[in-house]
Every structure is written in structure tokens, then in C-alpha cells.
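Visitor: I would like a close look at one helix and its surroundings. Please take me through it step by step.

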Amino acid sequence: MRRGRSPLKGTVPFDGERPLSFDAGFYRRYYVNPATRVASRADALKLGRFVCSYVDYLGFRVKRVLDAGCGLGHLRLAVRERFPRARYVGLETSEYLCRRYGWQRASIAEYAPNEPFDLVICHDVLQYLDDDRVASRALANLGRLCRGALYFSVLTAGDWRRNADRGRTDSGVRVRAAAWYRARLLRHFRPVGGGLLVRRGLEPLLWELESPWPGKRRGRSPSRT
């Protein structure tokens, strides 16, 4: 079980110090230093290889990949391994990262390229957006940006209670219910397991027990707010 999560940008750390800017020191502390980071480059590579392999298994032709909130670009190697001819676009809001790595600087809520992408990766990004209206726009924009497969993960209220390593994960973040995200993502996508969603209208072949199993309902259905 994954216990650690990426540090949450723009939030107040547990020790009460002022929020950190997204400079070199921030990324050394939270992404590079083994004593303080939540996950390693190797962990990210495992995740990226899983996502890309599953997308390939489902038969998607991948020519354009968007890594929305790409950080240090740890998922790029997995993309290049599986889809060596695909164009990889890293999107970030950190001025430091964009200057150092050449990422495109923009918010996922506002990013509007000329062409959509075959694979979009949005890994632990939306909890950074405190304003629900901005987060809703970002989710709607994912529907415009992705014409194929979307890998989406985010820290939910349930994850904070049950899964997150609270010693390393910042609590000063907009933690929403999973149902809040599902309601908005299902307008454009349907889940195929493992955090991967495909655009509605696409029908990759999945055998019955490969597909997500219907969950047992407990009490009332969550409200779609």
C-alpha cells in the first residue's frame, strides 16, 4: 500500500513555518533528499511504467503525452521507454522548474494547446487547487485536453484518513471527497482500473473480470455537489 504522497504545494507545513516557494531548495527537500522525500525517482518510474504499459495493452496509439504538474519530470523516462516516438509535454506552474527543465508554464485549469493529447497524466495535482471553482475548471479542461486515456490521482479525504503517511504529507491542502472528483470526471471519462480512465465513446477491449468491479453500496449514494 502506498503510504507516502508528494508534498503539497502552497500549503503551511506542520511545523508552522511559512509556505515554501517552489525553488531549488523546495525540490531538494521534498523530491530529492532521501531523508525528507515522500517517494523516490524509482517509485515514480514504477508508476509511469505501469500507466504506460496499461495504456499500450489497451491498444491506444500514443503520439502526444501531457504530464500535467510534472515536477522534476520523473515520469518522462517511462513515457520514452514505452512510447519513444511520442512527444512529451511537461506542464508546471513553478518558474524555477520551467526555467531549469524547459517545461511549459501554465495552470491545468487554463492550459489551451492547439491539439489534444492521446495520454494525459495528472498525478497528485488537483489538491493543490484550493478554490473548488478552479479545480472544477481544471477537471473540465482535462476533458478537452485528453482524446484518449487519462491517468488521474489525487489525495482524497478517505486517503487522508486511511492511506497517507501523515508524518510526511502536508495537511494544509484542499482535501475533497472522492465522489466530488468522480462526479466531474465521469462527465468525460469512464474508469478502466488502476487509476486509468478512457474518454467516453472509446471502447478498449476488457474481459469482464479485468473491468472495475461494481462496489457494494453502503447507505445513501454520495451527493453530487
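Guide: Start with the chain as a whole. Read along the sequence, its elements follow the pattern α-α-β-α-β-α-β-β-α-β-α-α-β-β. That comes to 7 helices and 7 strands. Keep in mind that this is a predicted model. Of the 225 residues in the protein chain, 45% count as buried. Contacts across the sequence matter for the picture too. Among contacts with a separation of 6 or more, 66% join residues 24 or more positions apart.

Now to the part itself: helix α7, residues 178-185. Is α7 enclosed or open? Of its 8 residues, 6 are buried, so α7 is largely enclosed by the rest of the structure. Here buried means under 20% relative accessible area. The buried residues are Ala179, Trp180, Tyr181, Ala183, Arg184 and Leu185. Their cover includes helix α5 and the strands β5, β6 and β7. Strand β6 spans residues 189-193.

Take α5 next. This helix covers residues 132-145. The axes of α5 and α7 lie 9 Å apart, at an angle of about 40°. Angles from 35 to 65 degrees fall in the oblique class, and α5 and α7 are therefore oblique to each other. Their crossing is right-handed. Which residues meet there? From α5 come Asp132, Ala135, Ser136 and Leu139. From α7 come Trp180, Tyr181, Arg184 and Leu185. Sorted by type, the residues of this contact are 5 nonpolar, 1 polar and 2 charged. Trp180, Tyr181, Arg184 and Leu185 are also on the list of buried residues in α7.

Step back to the wider interior. In soluble globular proteins, nonpolar side chains tend to be buried together. The largest nonpolar core here has 32 residues. Val55, Val62, Leu119 and Leu196 touch the most other members. Several elements each supply at least two residues to this core, among them β5 (146-153) and β7 (196-199). Those two strands also help to cover α7. Helix α2 gives the largest share, 6 residues. Look at Val55 as well. Leaving aside neighbours within four places in sequence, Val55 is in contact with Phe60, Val62, Phe83, Leu119, Ala149 and Leu196. Another core lies apart from this one. That other core has 27 residues, including Cys122, Ala138, Cys146 and Phe152.

Notes:
Residues numbered from 1 in each chain as written. Predicted model: local features only at pLDDT ≥ 70, side-chain atom pairs only at ≥ 80, totals over all residues. Heavy atoms only, no water. Axes fitted to C-alpha atoms, helices over the stretch in contact; angles between N-to-C directions. Helix = DSSP H or I, 4+ residues; strand = E, 2+ residues; numbered from the N terminus. Parallel < 35°, antiparallel > 145°, perpendicular 65-115°, else oblique. Left-handed = near helix turned anticlockwise from the far one by under 90°. Contact = heavy atoms within 4.5 Å. Nonpolar A, V, L, I, M, F, W, Y, C, P; charged D, E, K, R; others polar. Core = buried A, V, L, I, M, F, W, Y, C linked by side-chain atoms within 4.5 Å. Buried < 20%, exposed > 50% of the residue type's maximum accessible area, 1.4 Å probe, protein only.
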